[in-house]
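Student: I have a new structure open and I'd like to learn how to read it. Could you walk me through it, feature by feature?

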Amino acid sequence: MRATHKGLLSMLAATALAAVAPAHAGAKIIEIGQTAAPTPPSCPTNPCQAVSRTTGYQAKVGTNRGLMRAPADGKIVAWTITLGSPAKRQIKFFNDNYGGASQAGITVLKPGSRLFHRVLGRSPLQSLQPYFGTTVQFPLATALDIKKGQVVGLTVPSWAPALALGMGNDTSWRASRARGNCAEPGTQSAQLDIRDLAQYRCLYRTARLTYTATLITTPKPPKR
């Protein structure tokens, strides 16, 4: 499916709800990761910072420690990302040093002990450069199953200008990097395969990943 801009979100969600659960009025549409305050990405400020070569998820925003956890069983039917607008020289720098053109997708993660997370599902990767400077939604041709408590991560095998800086110290995100690689953004650590297991030892404070995912919850069967 082609990507659509943010103004069509409600229409897409309603359409997806009708397709996924037409006979159940109990299904709900929830935007995982959505907060009231806008978080514009840093680019094109100098220096422009981006997410690079990793899978990450928001660990905390204020007192909310479960922002990217599914609040109920259901299906992820779309994901949305707000992108900065890096300058041409910044795009060239990232393309040359972080694995080529900007791409990203979402990943369903099952949390385990000691910050290990296993991949249970993933979306196709999307080329992001045509949407720099905008908020864009990517509907999924095949919805991703998710269980309550599982996490929606952002997988970036190259780079993506989807990082908001200057947040408070109570805002942080985690990446699928080993403890000793936290300061090595060029090392590939993105979780690209189903069943892949990685430890999210790297915590980055005062920053926010600018993506969300649209969940349609599984309705409970009617009482008899």
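Student: Let's begin with the secondary structure. How many helices and strands does the chain have?

Tutor: Keep in mind that this is a predicted model. Its chain comes to two helices and 15 strands.

Student: And how much of the chain is buried?

Tutor: Buried residues account for 47% of the 224 residues. Surface is the other side of that story: the accessible surface comes to about 11,100 Å², and 53% of it belongs to carbon and sulfur atoms.

Student: What share of the contacts joins residues at least 24 apart in sequence?

Tutor: Take the contacts between residues at least 6 apart in sequence: 86% of them join residues at least 24 apart.

Student: Now the inside. How many residues are in the largest nonpolar core, and which have the most contacts inside it?

Tutor: That core has 47 residues, and I76, I81, V152 and Y211 are the ones with the most contacts inside it. Strand β9, residues 151–160, supplies the largest share of this core, with six residues.

Student: Let me zoom in on one of them. Which residues does I81 touch?

Tutor: Leaving out residues up to four places away in sequence, I81 touches L128, T134, T135, V136, F138, L154, A162, T210 and Y211. One of those partners, F138, is itself buried, because its relative accessible area is 1%.

Student: On to disulfides. What is a disulfide, and how many does the structure hold?

Tutor: A disulfide is a covalent bond between the sulfur atoms of two cysteines. This structure holds two. If you number the bonded cysteines in sequence order, the pairing reads 1-2, 3-4.

Student: Take C43 and C48. Why is their disulfide right-handed?

Tutor: Look at the torsion about the S-S bond: for C43 and C48 it is about 70 degrees, so this disulfide is right-handed. The S to S distance there is 1.7 Å. As for cover, C43 counts as buried because its relative accessibility is 5%, and C48 counts as buried too, at 11%.

Student: Is the link of C182 and C202 right-handed or left-handed?

Tutor: It's left-handed, with -90 degrees about the S-S bond. This pair links distant parts of the chain: C182 sits in the loop between β11 (171–175) and β12 (197–199), while C202 belongs to strand β13 (residues 202–205), 20 residues apart. The sulfur atoms of C182 and C202 are 2.1 Å apart. Cover is worth checking here as well: C182 counts as partly exposed because its relative accessibility is 27%, whereas C202 is buried at 0%.

Student: Next, charged side chains. How many salt bridges are there in the whole structure?

Tutor: A search finds two. In one of them, the side chains of K75 and D145 meet at 2.5 Å, N to O. K75 lies in strand β4 (residues 74–82) and D145 in strand β8 (residues 135–146), so the pair ties together parts that are 70 residues apart in sequence. K75 is partly exposed because its relative accessible area is 29%, and D145 counts as exposed at 52%.

Student: Where do K92 and D96 lie?

Tutor: Both are in helix α2 (residues 88–97), four residues apart, which is about one turn of the helix. Their side chains meet in a salt bridge at 2.7 Å, N to O. K92 is exposed, and so is D96.

Student: Last topic: rings. How many aromatic pairs does the structure hold?

Tutor: Nine. To read a pair, check how far apart the ring centres are and how the planes are angled. F94 and W159 are stacked, with 4.7 Å centre to centre and 20 degrees between the planes. Since F94 lies in helix α2 and W159 in strand β9, the pair ties together parts that are 65 residues apart in sequence. F94 is buried because its relative accessible area is 6%, and W159 counts as buried at 0%.

Student: Is the pair of Y131 and F138 stacked or edge-to-face?

Tutor: Edge-to-face: the planes of Y131 and F138 are 85 degrees apart, and the centres are 5.6 Å apart.

Student: Which residues form one aromatic cluster?

Tutor: F93, F94, Y98, F132 and W159 do. You'll recognise F94 and W159 from the stacked pair.

Methods:
Residues numbered from 1 in each chain as written. Predicted model: local features only at pLDDT ≥ 70, side-chain atom pairs only at ≥ 80, totals over all residues. Heavy atoms only, no water. Core = buried A, V, L, I, M, F, W, Y, C linked by side-chain atoms within 4.5 Å. Buried < 20%, exposed > 50% of the residue type's maximum accessible area, 1.4 Å probe, protein only. Contact = heavy atoms within 4.5 Å. Disulfide = S-S within 2.5 Å. Areas by Shrake-Rupley, 256 points an atom, 1.4 Å probe, with all protein chains shown as cover. Salt bridge = Lys/Arg side-chain N within 4 Å of Asp/Glu carboxyl O. Phe/Tyr/Trp six-rings, centres within 6.5 Å; stacked < 30°, edge-to-face > 60°.
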